[in-house]
Structures are given as C-alpha cells and as structure tokens.
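Me: Please take a close look at one part of this structure and explain how its pieces fit together. Then set that part beside what can be said of the rest of the chain.

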Amino acid sequence: MMTITHNMMAMNAQRQFGLVSQANKTSIEKLSSGYRINRAADGAAELAISEKMRRQIRGLNQGAYNIQDGISMLQVADGALDEVHGMLKRMNELSIHAANGTLTDEDRSYIQEEMNALVSEINRTGDTTTFNEVPLFDGKDYTVDPIGGGSITTLIQSSSAERGYLKEGYNHNNLFYPMGSLDFSNIDASNIDLLHNGSFAFHCSQACTEVFDIKFTTDGSQNSAANLYGHVCHKYSVDLKDCTNGSQIVEKIYSFVANNLPSTASSSSILPGVKVSHSNNLIKDGVQLLVVANSNGQSTEQSATNYFPRSGYPDSGKITCTALTAIRPTNLFKTFDIQCSSEVTDVESFRIYQMNGKVLNIDPLDVSTQDAAGTAINKLKNADAKISEQRSALGASQNRLEHAHNTNLNTAENTTAAESLIRDTDMASEMVQYSLNNILMQAGQAMITQANQSPQSVLSLLQ
C-alpha cells in the first residue's frame, strides 16, 4: 500500500532517532559530569544509598578534625604538666638541701622563698592553662570521681552523729546527760576549705520543733539568725577562713555563737557552756564540740541508750552533719567528649583532672626546719607520682585518639570507594555507549532522509 498522507517509514525513523538522541544526551551528561547518577530518576535506590554514604563520609572527615583538636588539647595539658614536673624536681632538690644539717634556719628561710614561688607558679599553671579558652585544670564545674584519683577523708568524727542521736554520756556533778560530740582533730590548713558550705544541726531534746543549725564558710562571710525558744531554726553561718586546726575551729564556732545569742536567751543552765535551745548546751572541749541535753539528768549508772528519740517525737535529740566526710579534691575531673562522626553515639572521651598545689598536697610546703624539710621530701615524692599518673593517663588518651583519627580516615576512604562504585561514571564503558549512539544517530538521520523521499515514487503512478 502506497500513501502520501501518512509516511509511516519516516515516522518510525524519527521515533528511533529520538530515542537514540535521548540516550546520547544522557551519555554526554554522564561523561561531562563524571557521575552515573545525576538525578533521582537515574537510580532511585542507588541515589538514596549514595547520599547516606556521603553523609557518613563527611561526618567521618569532620570527626577526624574533631579528634585532631582533642589531641591538640591533650598535648597542651601534657606540656603544662611537664613544666610542673620540672618544678617538682627543683622543689625536691630544695627540700633535700633544706634537710641538710649544715644549714641554719636562716639559710632555710631563703630556700623557703624559692619554694613558695614555685608553689605559686604551680597554682598559676593550674588556674590559667587553657585550650581555646577552655580551662583545663582549674576544677570549676568538675565532676567528683568517687573511685579513682583520690580518697574519702573523714573531716569531722562523731560516733553520735553517725548514729544520729544524743546517746553518748556527759558527767556533770555526778549526773549523766545524753551527749553528742563533733571531733575536728582531722582539720588542718590543707583541707579546711572542704568544710565550705558544710553544716551540722541538732534538734531540741525536748518535745518541740526547735533546731540549731551551724553552716561553715571559708570565704569571710558569717551571720546569725537565732530566735531561741521560738520553736524555729536557729541558723548560724561561721567563717573558718583563718583557722588552721581543730581547736581553733571549735573556739571560733563557740565564740561566735556565744556572742550572737539573741537577747531572749536565758543564761541560766545547770550545765557549763552556752544554752542554745530549750534543753541543749554547746560546750567546747579542745578539738571537740559537745552537744549536751540539759534536761533529764540521771545518775552515772543510768544508761542513755533509750533516751532519744522521744516517743512521738522522732527528731528529738537528732544530730545531722553534712561535713562528716568529704572527698579530697584530688579526684575532681572534667570529661571532654570528642564527636567522631555523624552518629551521636560515636564519641571518644577523656578526663583531665584538677591540678594545683592543694591537690598535690604541697600548698603550703614548709622547709623552714630540718624536720619540716624531711616531711616536704615525702610530699614532693607523692606529688611527683601523681603528676606522672596524670600524664600517663593523658598519653594513653592521646594514643587512643590517634588510632581513632587513623580509623576515621581509613573508613572515610573505603566508604568513598564504595560510594564511587555507585555514583561515578565508568568512563570507558560510557564512551563505548556514546560512540554507538553517535553512529545510530547518523544512521537515523540518513534513514529519515530516505523515508521522506519515498512518497516521490507516487508521482510515477500519476504520469
């Protein structure tokens, strides 16, 4: 059948040419961009996998930068501790020198000056060493580690306070009075700052709600807000800043309370000391502060085991003490978390512990006498060991981070290779396809020309 209104051969050739032309366009796009997948239509599943891998790769690369920053921080910390190590070695030399019997105390006073300067420099190093303005050793906002790096120190001892009630005995004029004792003998200049914000309190031993409360401060602030016999809490804030031993603390607490009792307080009492509630006295006894019940004095043979708490009043005669024990600041630390990739759980952590003269137990460090110099030698030995322990921990953390850094780079490289297999164009294969499409396009153009000429044969029928 021959027609001139519908040239089917030309239409077929044109359709085939369009398909080849589109394929050729796609090949040119892949060859020019280098990507096999340029849009979701090129491979929906492959695009999703590729984008997920790209997220992982960029996260790993940024994580590698983060890890390198962490390594740099550890290097800064180690460098500072290296200087502290050097100062401790010099202080050890000075202590050994001061311990020599050929020196006079005046000679040791000159050594003490250099010793004090080195302690001050160690403290300055601990307070001012930073990385990117982040303090490393100052201990502010640090976490207390209850396990490593330090020990729990009993600051205020009292078996009564541990049991919680007035159950000890105080003999006055051959009469027995229930008593609780607070022993401050473990307090000295090296740990008094740990009492800051600590407190002790006791309830009236009569059947009332009266509470006597003393809070310790070491920053120079102190005040009183007592209203005796008003069934309220009598609060005293006592500054211990200048105290260096237990007896000074007891004297400071006792004197401050005695000098700041309200005018309504009664001075009459069957017991010595100062009456601080309906039925309790505060008595000083060397390094001990005694809390004694005024009422219900019994013969010395009478046991006080069942005196307190009173029936129906569970808090009567009760003692609480928030400063019985404290964790020495040698195990204050701050955790630094290094984000290693785009996964929130992929974190490397390391600790940097607080460092200063008090933590190392060398502030103050006395070499003014031969005996004191001998003690200083032992303190410096322990301080040196502590700095070595901290530097070892920092070195271990640095090695760990270096391995993590290498792992990140290796993983990023291998993931990039996997993503390349999905996303990138195989140039050789695509060039073969491009050449084939070019040939087909040329052939298609020729066939369209031939197909367009075929209706001319109809003219011979019309002649």
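Reply: Strand 7 (residues 199-203) and strand 8 (residues 211-217) run antiparallel and are joined by five bridges. One bridge links H203 to V211 in strand 8. Helices (H or I, at least four residues) and strands (E, at least two) are DSSP runs, numbered from the N terminus, and two strands are said to pair if DSSP finds at least two bridges between them. This is a predicted model, in which local features need pLDDT of at least 70 and side-chain atom pairs count only at pLDDT 80 or more, while totals for chains, interfaces and linings use all residues. Residues are numbered from 1 along each chain as its sequence is written, and side-chain values use heavy atoms, with hydrogens and water left out.

Strands 7 and 8 belong to an open sheet of five strands, whose order is 9-10-8-7-15 and whose pairing is mixed. At the edges are strand 9 (223-225) and strand 15 (319-321), each of which pairs on one side only. On average, neighbouring strands of this sheet are turned by 10° against each other, direction ignored. Helix 5 (residues 246-259) packs on the sheet and touches strand 8, strand 9 and strand 10 (233-239). The direction of helix 5 makes about 130° with that of strand 10. For such angles, axes are lines fitted to C-alpha atoms, for helices over the stretch in contact, and the angles run from 0 to 180 degrees between N-to-C directions. Contact means heavy atoms within 4.5 Å. As a general point, the side chains of a regular strand alternate between the two faces of the sheet.

Further along the chain, strand 11 (residues 274-275) pairs with strand 12 (residues 280-285) in the antiparallel sense over two bridges. These two strands form a hairpin with four residues between them, and V274 stands opposite L282 in strand 12. Strand 12 is also antiparallel to strand 13 (residues 288-293), and six bridges join the two. Here K284 stands opposite L289 in strand 13. Strands 12 and 13 form a hairpin with two residues between the strands, where G286 takes a positive phi near 65°.

Positive phi values also occur in the loop between strand 1 (130-131) and strand 2 (134-135), which holds N132 and E133. Phi is near 55° in N132, a residue other than glycine, and near 65° in E133, also a residue other than glycine. N132 is exposed because its relative accessible area is 67%, and E133 counts as exposed because its relative accessibility is 73%. Buried means under 20% relative accessible area, exposed over 50%, and partly exposed in between (1.4 Å probe, protein chains only). Another local feature is the cis peptide bond between D363 and P364, with omega about 5°. P364 is found in the loop between strand 18 and helix 6.

The nonpolar interior comes next. A nonpolar core is a set of buried Ala, Val, Leu, Ile, Met, Phe, Trp, Tyr and Cys residues joined through side-chain atoms within 4.5 Å. The largest such core has 39 residues, and L88, M91, I122, I352 and I362 touch the most other members. Two or more residues come from each of helix 2 (44-98), helix 3 (105-128), strand 17 (332-339), strand 18 (347-353) and helix 6 (370-423). Helix 2 gives the most, with 13 residues. Leaving aside its neighbours within four places in sequence, L88 is in contact with I122, I362, L380, A383, D384 and I387. A second, separate core has 37 residues, including F200, Y236, V274 and V276.

How many helices and strands does the protein chain contain? The secondary structure comes to eight helices and 18 strands. Buried residues are 40% of the 463 residues in the chain. Of the contacts between residues at least 6 apart in sequence, 68% join residues at least 24 apart.

Two cysteines may be mentioned last. C243 is buried because its relative accessible area is 6%, and C321 counts as buried because its relative accessibility is 15%. A search of the whole structure finds zero disulfides, a disulfide being a pair of cysteine sulfur atoms within 2.5 Å.
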